[in-house]
Amino acid sequence: MSLLSIHNRARPFIAALAAAGLAAGFLARLAGLGAWSDLIWAAVTVPVLLALLTEIVTSLRRGDVGLDIVAALSMSVALAFGQQLAAAIVALMYAGGQYLESFAERRARREMTALLSRVPRTALRHRDGRLEEVALDLILPGDRLLLRRGDVVPVDGTVAAGTAVLDQSALTGEAMPVKIAAGGPLLSGSTNAGDAVDMVASRLAAESTYAGVVRLVEAAQRSRAPMARLADRFAILFLVVTVALAAAAWWLSGDPIRAVAVLVVATPCPLILAVPVAIVAGLSRAAKLGILIKGGKALENLARVRTLVIDKTGTLTVGEARLVEVRPAGEFPAEEVLRIAASLEQASPHIIAQTIVAEARARQMALAVPSAVVETPGDGIEGTIDGRSVVVGGLGFVARRIGKPVLAGDARPPGAVAAAVAVDGQPAGVLIFADPLRAGTEQLLRSLRAIGIDRVVLATGDRPAVANFIAAGLSFDQVRAELTPDQKILTVLSERKHGPVLMIGDGINDAPALAAADVGVAMGAKGAAGAAEAADVVLLVDRLDRILPAIQIAKRSRAIALQSVVAGMGLSMLAMVAAAFGAITPVEGALLQEAIDVAVIFNALRALRG
């Protein structure tokens, strides 16, 4: 374990030690043990100083120069010149600020583990006439595996026999289930949405599609440099001014205590404390709305975004097939066509069948009990409803069963799926399913532009016809379709010339682009765990419009944090000048700095409000 890791774990204990030591010193002084109080204050300052020096060395190795150096100087010089109380007060302010900062990061990430359960860890393998559960790294090409309904395909392979019905939306961005016949390819990361089926592995787990996406995510995360803390942007200038003023006060007056007072007053505790408080307040405010922001860096970047790149399936659209139209083709009205189809589909576990049944029940239809049911997996179902022979399934399947086409023409919207219904050998109608656009999308895009988003790009793995159909009437600056995960990364990187990029997605195929963006936002309520892990922000409710308050909260929190920086710097500079002229002693300076802390922290807490 590294020294920095040990330091991070010890932050709560160091802060508690500093508070207890400061209180113990005052108790000793009240008891008339002045010498002991000085010793106690010095003793509790030392561990804080050592922890601070460890962090400074680590930061300097990374090339970062922070305001922590000023805090280290003030504690060291105060101890050197016998100002133990001032040193202990500075130590408490610094240790408390560090604990708050680490608490903010932990609190923002704590709930993520519940979203990361999708990745398969084991698979069911056929071996010697029985099934055995094995770890993914033990699967070899040629192994025969069983995929149960709802199982995630563990490795790339092919369908061994029959027809597989797969939900590939998390991997390809396509909302509609796809049918794959025997010998057809299976991509790891897709989900078996149909009956149990056997597959034959064609690759090792480490070489499969899902593993490749994970590697893309890791590479994209490594390529993004960590953002410096907000207050540290002023570190070098503030450090130079502080040291110069302290040296000048000592040289001109001949009194080293004036230099100590200047350094104590200059300790940037308002910045170390108030900035994390404003950030924690913003994170808490966002969490109340179901928006999980993973720490202060993500919040600050979210406040600066200028370009939005958004996925289609499950993000711009609802992400699941829904009945959008019933087209009668014979003697039955639309409602009766749906009732007959839903009555028969009660006997099928197919995902479209369940959608039909759910829609009929939502309309409070009285469904009949099916009989003589025969299902052709992946194609359709036949049976008897109220004494009539009924067939429901794909257009081709129903046409073959009744010997005639169901409709004279096919005017489905791009990306839509049709299920035909025939009764007693005659066409009865067609049910149209599509992945509809989320309500209020155009209003959301206009609102985002109003708060500073200058450019909006649709990036999807779907076909151009489907993408353009969905984008019609929406204020997109560009529509890019048929994108692979690595092409989505290139889209995000190319858009950076217009400003910091916000990427919103929900599938595994979006995860690399989410990691590459300045801010990645995942639809975590129903999206893939890989996307939630790669993202900086996770929407815990299935509502795209929550991105608007997320950005507003981030902008407000960042503005309040900047106010704390400016106010803290300004008040500290005035107090430093007073200390340089001998108007403030080191202890008075530490107490004045504490008063400044209280003022800027109360200002920072305004981020909790709307």
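Here are a few questions and answers about how helices pack in this predicted model.

User: How are α12 and α13 oriented to each other, given that their axes cross at roughly 125°?
Analyst: Let's start with the helices themselves: α12 covers residues 334-345 and α13 covers residues 351-362, and their axes come within 8 Å. Angles over 145 degrees count as roughly antiparallel and 65 to 115 as roughly perpendicular, with the rest between those and the parallel range being oblique. The crossing at roughly 125° therefore makes α12 and α13 oblique.

User: Which residues in α12 meet α13?
Analyst: Good one to follow on the structure! On the α13 side, look for Ala353, Gln354, Ile356, Val357, Glu359 and Ala360. Their partners in α12 are Leu338, Ala341, Ala342 and Glu345.

User: Are α8 and α20 roughly parallel or roughly antiparallel?
Analyst: Helix α8 (residues 256-266) packs against helix α20 (residues 547-580) with the axes 8 Å apart and an angle of about 170°. Angles over 145 degrees count as roughly antiparallel. So α8 and α20 are roughly antiparallel.

User: Which residues of α20 make the contact with α8?
Analyst: From α8, the contact uses Arg258, Ala261, Val262, Val265 and Ala266. Across from them, α20 supplies Ser572, Ala575, Met576, Ala579 and Ala580.

User: What is the handedness of the crossing of α15 and α20?
Analyst: Helix α15 spans residues 441-450, and its axis comes within 10 Å of that of α20, crossing at roughly 15°. That angle makes α15 roughly parallel to α20. Leu444, Ser447 and Leu448 in α15 meet Ile547, Leu548 and Ile551 in α20. The crossing of these two helices is left-handed.

User: What is the area of the nonpolar surface patch that includes Leu39?
Analyst: You can find Leu39 in helix α2, residues 34-61. Together with Leu33 and Trp36, Leu39 makes a nonpolar surface patch of about 340 Å².

Terms used. Residues are numbered from 1 along each chain as its sequence is written. This is a predicted model: local features need pLDDT of at least 70, side-chain atom pairs count only at pLDDT 80 or more; totals for chains, interfaces and linings use all residues. Side-chain values use heavy atoms; hydrogens and water are left out. Patches are made of residues with over 30% relative accessible area and no salt bridge: like charges are joined within 9 Å, nonpolar side chains (Val, Leu, Ile, Met, Phe, Trp, Tyr) within 5 Å. Accessible areas come from the Shrake-Rupley method with a 1.4 Å probe; for residues, only the protein chains shown count as cover. A salt bridge is a side-chain nitrogen of Lys or Arg within 4 Å of a carboxyl oxygen of Asp or Glu. Helices (H or I, at least four residues) and strands (E, at least two) are DSSP runs, numbered from the N terminus. Axes are lines fitted to C-alpha atoms, for helices over the stretch in contact, and angles run from 0 to 180 degrees between N-to-C directions. Angles under 35 degrees count as roughly parallel, over 145 as roughly antiparallel, 65 to 115 as roughly perpendicular and the rest as oblique. Contact means heavy atoms within 4.5 Å. A crossing is left-handed if the near helix is turned anticlockwise from the far one by less than a right angle, and right-handed if clockwise.
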